[in-house]
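Please open the structure in your viewer and keep the selection panel at hand. We will start with the whole chain and then move to a pair of its parts.

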Amino acid sequence: MRITELGKRYGLSRSTLLYYERIGLLRASGRSAAGYRRYSASDEERLARICTYRRAGLPLREIGRILDAPKGRLTGALQQRLEELDDE
């Protein structure tokens with residue numbers, strides 16, 4: 001899937017996806033013969049998780065840590081976010 005298709009599917013701009021790539025949050029699996037970024041099903045799953053965590057109010061830095069860490073990290077991050085929301 002190309003970047004514009006992926007962006008449309010998730011309601012994100014091309015520049016947002018390029019920013020995610022620049023900060024290491026999302027990476028294209030490869031490139032087409034014409035040099036276009038190509039995203040695999042696992043790349044799309046990762047983006048879906050990013051979008052879910054963003055809707056939950058997690059900052060991008062924390063999302064990166066969650067995605068790259070063992071499963072237990074998610075529970076701790078979500079617990080912390082819930083505590084922040086309770087304080088508000």
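Begin by selecting the charged side chains: the mean positions of the 18 positive and 12 negative charges of the protein chain lie 10 Å apart, where Lys and Arg count as positive, Asp and Glu as negative, and His and the chain ends are left uncounted, each charge being placed at NZ of Lys, CZ of Arg, CG of Asp or CD of Glu. What you have open is a predicted model, in which local features need pLDDT of at least 70 and side-chain atom pairs count only at pLDDT 80 or more, while totals for chains, interfaces and linings use all residues. Residues are numbered from 1 along each chain as its sequence is written, and side-chain values use heavy atoms, without hydrogens and water.

Next, show the whole protein chain as a cartoon, and you will find five helices and two strands, which follow the pattern α-α-β-β-α-α-α along the sequence; helices (H or I, at least four residues) and strands (E, at least two) are DSSP runs, numbered from the N terminus. The C-alpha atoms fill a box of roughly 50 × 25 × 20 Å along the principal axes.

Now select residues 3-10, helix α1, together with residues 14-22, helix α2, whose axes are 9 Å apart and cross at about 105°. These two helices are therefore roughly perpendicular, a term for angles of 65 to 115 degrees, with axes fitted to C-alpha atoms over the stretch in contact and angles running from 0 to 180 degrees between N-to-C directions.

Finally, display the side chains where I3, L6 and G7 of α1 meet R14, L17 and L18 of α2, contact meaning heavy atoms within 4.5 Å.

Key
Angles under 35 degrees count as roughly parallel, over 145 as roughly antiparallel, 65 to 115 as roughly perpendicular and the rest as oblique.
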